[in-house]
Amino acid sequence: MAMTAVARETVFALRRQIAKIEGTLPERLAAPAVAPLDADVSTDLTIVRRGIAAALPDAFLPIGVGRIDAALSGGLPKAALSEIHGLETRDAGAVAGFALSLTSLILKQTPGLPVLWIGTSEIFREAGFPYARGLHASFGIEPEQLLFSEAPKLVDALWVAEEAARMTALAAVILEIRGNPQRLDLTATRRLHARAQAAGRPVFLLRQAAEPEPTAAPVRLIVASAPAVPRDTIAGPLAGSIGHSAFTLTIGKSRTALPGQFTLEWNPDERAFDERWGDERWGEGRDRTKNPVPVVSLSGGGKNPAPASGAVLAFPAVGSPISPAARDQPSRPQRTAHLGPRRAG
């Protein structure tokens, strides 16, 4: 009986240690008590386990799309390692664009702090660097806020990422890796996740052309590019135009959400995501079915715009009067030479 009791205590101790690593101790699963205003709130925010959250309300980074945030129990965990996967090399641009969109959302909450992007020489040669002028125009990120660290080998990139993940002077850390290297195992991701929890900062692991494998990240998102739709105007979609950047987002792994797929658009003006179903945008307050009438009212007379008068001709019809402006135009031989096509010879 004594041996049985000792074995039972050993098993309980092991289970308790595993639960501590995963952040599921019974005292942590309870809702956190409201701390006094002058109390020192700890930054050790335990995220999510089987639909139960034991974190402060600001422990999550909302995507801004109701269905996704509800599926993720509030959004992506801030103080954690999150995976963003691209299954093929051609998805590298979409993965980087989605990561920059998340970075833009983070910098809204922590303005002024820099972001460190770490990668190997191989991945930067394959996928390239973000375009500096487009950082501010599309994401509101100043070029000097985005720092790059190019490591010759994966072991060096992991070391830099582990050291950077513990720094509270960074708004976020991005580690970009290609493929499924052996060094990026469960132990390495546990270290990254633990340091992100301790610092209270997100670490985004970008996996280019990689297959999903076990890691310590609570959330894995699979990102691919989606076809753009025409630009949305007051009169409706503008034919022949190209709209905002679009992503196909799949929840590959989450401790709170079931697998699901969404189509998102990034609005560079509002710096926010909108959800799209088919050819329609389903952003907050943008449901077209609720308000199908034109946004702009008609003219003061209340009449509909006049229909088109007919075909537009380049020259006046035969027998029609010529306006004074057209009479002053030079004839074809009198036009300057630089307006004609350039010929060699």
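Q: Contact here means heavy atoms within 4.5 Å, so which residues is F98 in contact with, leaving aside its neighbours within four places in sequence?
A: F98 is in contact with I84, L221, V223, F247, L249, L264 and F273. This is a predicted model, where local features need pLDDT of at least 70, side-chain atom pairs count only at pLDDT 80 or more, and totals for chains, interfaces and linings use all residues. Residues are numbered from 1 along each chain as its sequence is written, and side-chain values use heavy atoms, leaving out hydrogens and water.

Q: Cool! Which residues touch the most other members of the largest nonpolar core?
A: I84, F98, L102, F204, L264 and F273 do, out of 40 residues. A nonpolar core is a set of buried Ala, Val, Leu, Ile, Met, Phe, Trp, Tyr and Cys residues joined through side-chain atoms within 4.5 Å.

Q: And which helix gives the most to this core?
A: That's α4, with ten residues. Helices (H or I, at least four residues) and strands (E, at least two) are DSSP runs, numbered from the N terminus.

Q: Switching to α6, which residues are buried?
A: G134, L135 and F139 are buried (under 20% relative accessible area; exposed is over 50%, partly exposed in between, with a 1.4 Å probe and protein chains only). R133 and A137, on the other side of α6, are exposed.

Q: What do the buried ones pack against?
A: The buried residues of α6 pack against α4 (92-109), β7 (146-151) and β14 (261-267).

Q: What comes just after α6?
A: G140, with a positive phi of about 70°.

Key
Contact = heavy atoms within 4.5 Å.
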